[in-house]
Amino acid sequence: MITGKDPISLQVLEAFTQQQKLVDIAVAFNLSLDQVKRLKRLYNYTNTVLALTNEQTTEQFKQLGTKGLFLSPYIKANNALALTDILPFTNDLTTRDELLELMQQYDKKQERIQAFEQSYQAFLIASAEKETAFQQKIKELKQAKQKLLAKFEFIQQYEPAIQELLLYYVGIHRDGYYGLRRRVDSGFRKVLEKKNIIQLNDEYVWVIHSIDDFAKQLAYRLKYRHYIQWDYEREKHRMRNNEIGAMYVASEEDYKAIRNFTEETNQLEKEMQQLETELTTLADEKAKLQAELEANKRASILSFEEASIASDLMSERELLRHKEMQSLAMKWLYNQGFIVASEVVLPNKKRADVIGYNEEKIILLEVKSSKEDYRQDHKWTEYLPYCDEFYFFLDFYAADQADKQAGYIQEQGRTLTITQADTLPHHCEHRAETEWAIGRALSKKVTFGWS
């Protein structure tokens with residue numbers, strides 16, 4: 001049989017390098033012209049795979065022999081990504097059906113990624129429009145703030161500490177004059193009155209006659225650490241010791257008669273900060289989606305397929321619980337002296353949730369936090385040739401567990417307990433390969449930081 005790997009096929013493939021005619025090759029090896037043309041396609045595809053990828057991937061392609069011709073849609077399209085996604089999961093024993101299933105899984109992965117990309121692009125368009133609107137609004141707010149600050153441009157001549165105090169205590173009345181917008185210490189107020197720097201008018205507004213004199217008084221009190229800010233307890237103490245000590249103190253309502261540019265400025269700044277926070281949130285969401293998209297692209301077709309199935313079957317809470325249960329199962333096995341790993345790809349391409357081995361046996365645990373995921377699992381028996389004991393670790397009671405005859409484990413207190421022993425007649429038929437897969441998974445975890 002001409003398989004692309006048999007002795008005659010290898011001689012024919014070598015003959016192609018000598019650029020012999022196909023008819024002459026057919027006669028020389030007693031093959032039909034169709035058989036030679038088929039091998040010629042395999043020869044051309046091998047060269048294309050090498051040009052598109054690397055020597056390792058090309059060797060994986062050669063192991064398939066003529067089965068590799070099924071990959072022609074990707075090879076003709078120069079789709080290096082498909083080849084590097086599919087071929088690592090093949091070997092010389094891969095059947096045609098297994099190869100077709102891998103191709104189907106790759107296509108499904110691409111469909112999901114394309115759907116994700118479409119939603120991501122829609123998000124980018126919407127966020128770009130929102131970002132433009134935010135930037136325009138911020139620009140308008142900054143302009144409004146500058147107009148307000150222009151009314152207090154004169155404060156630039158003072159020291160920063162005095163500027164800050166002026167902005168805190170001085171407001172602008174609707175008629176355009178300056179006045180106190182906050183209470184000051186009553187002793188300080190009396191000094192200001194006495195020097196005719198401030199005066200209480202008929203609206204009960206403390207009018208500031210001279211901003212410059214007011215600034216000088218602020219500087220003096222700041223330098224010698226005299227009271228500036230009004231303090232309720234201090235004023236109350238003064239009133240007890242001297243009935244007329246505090247004199248008249250305007251209420252908070254009186255001070256609101258001043259239209260305060262600082263309050264407007266604060267409001268503008270608050271709006272700007274809110275918009276900038278939303279811009280940051282947009283940027284974070286954009287980065288998160290981009291990272292998710294890139295992670296999906298990098299994911300292997302098997303892990304992507306299983307993650308997609310899991311996300312379809314399980315809610316976010318169940319997915320989080322699944323991870324928590326995996327951690328519990330790993331600790332349980334480790335405490336019993338097992339070498340343990342999670343998310344291990346077995347030789348048959350099935351992914352073990354938790355698996356561990358010691359000198360005597362290999363134990364595999366399939367974690368189920370979702371009843372639907374448990375009911376939909378019809379391929380669990382494919383794990384049996386890779387373990388000596390198999391258990392379902394459930395987060396719920398399953399009435400049909402006795403019918404499956406598999407082992408069952410449930411959480412009890414801070415540990416796990418076996419609620420039903422594994423009575424199925426099986427043992428690990430591929431111990432060396434399984435232990436190697438576990439070691440490989442642990443090495444990947446240490447090297448790359450993920451399992």
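# A walk through the helices

Start by selecting α1 and looking at its buried residues: they pack against α2 (22–28) and α3. Keep in mind as you go that this is a predicted model.

Which residues of α1 are the buried ones? Within residues 7–17, pick out S9, V12, L13, A15 and F16. Now turn the view so that you look down the axis of α1: these buried residues fall within an arc of 155°, so they line one face of the helix. That fits a general rule: an α-helix has 3.6 residues a turn, so residues three or four places apart point the same way.

Next, keep α3 on screen (residues 33–52) and add α4 (residues 55–64). How far apart are their axes, and at what angle do the two helices pack? The axes sit 8 Å apart, and the angle is about 155°. Angles over 145 degrees count as roughly antiparallel, and α3 and α4 are therefore roughly antiparallel to each other. Their crossing is right-handed.

To see the contact itself, show side chains for L42, Y45, T46, V49 and L50 on the α3 side, then E55, T57, T58, F61 and K62 on the α4 side. Color them by type and you get five nonpolar, three polar and two charged residues.

Now jump along the chain to K151, in the loop between α7 (96–150) and α8 (160–169). Is K151 buried, exposed or partly exposed? With a relative accessible area of 37%, K151 is partly exposed. While you're here, select I172 too and draw a distance between the two C-alpha atoms: K151 and I172 are 21 residues apart along the chain, and the separation is 9.0 Å.

The next stop is another helix pair, α9 (residues 186–194) and α10 (residues 211–223). Their axes come within 11 Å and cross at roughly 140°, and α9 and α10 are therefore oblique to each other. The crossing of α9 past α10 is right-handed. For the contact, bring up F188, V191 and L192 from α9, which meet F214, Q217, L218 and R221 from α10. That set divides into five nonpolar residues, one polar and one charged.

Finally, zoom out to the whole chain. You'll find 18 helices and 10 strands. Of its 451 residues, 41% count as buried. If you switch on a contact map, consider the contacts between residues at least 6 apart in sequence: 63% of them join residues at least 24 apart.

Technical notes:
Residues numbered from 1 in each chain as written. Predicted model: local features only at pLDDT ≥ 70, side-chain atom pairs only at ≥ 80, totals over all residues. Heavy atoms only, no water. Axes fitted to C-alpha atoms, helices over the stretch in contact; angles between N-to-C directions. Helix = DSSP H or I, 4+ residues; strand = E, 2+ residues; numbered from the N terminus. Parallel < 35°, antiparallel > 145°, perpendicular 65-115°, else oblique. Left-handed = near helix turned anticlockwise from the far one by under 90°. Contact = heavy atoms within 4.5 Å. Nonpolar A, V, L, I, M, F, W, Y, C, P; charged D, E, K, R; others polar. Buried < 20%, exposed > 50% of the residue type's maximum accessible area, 1.4 Å probe, protein only. Arc of directions from axis to C-beta.
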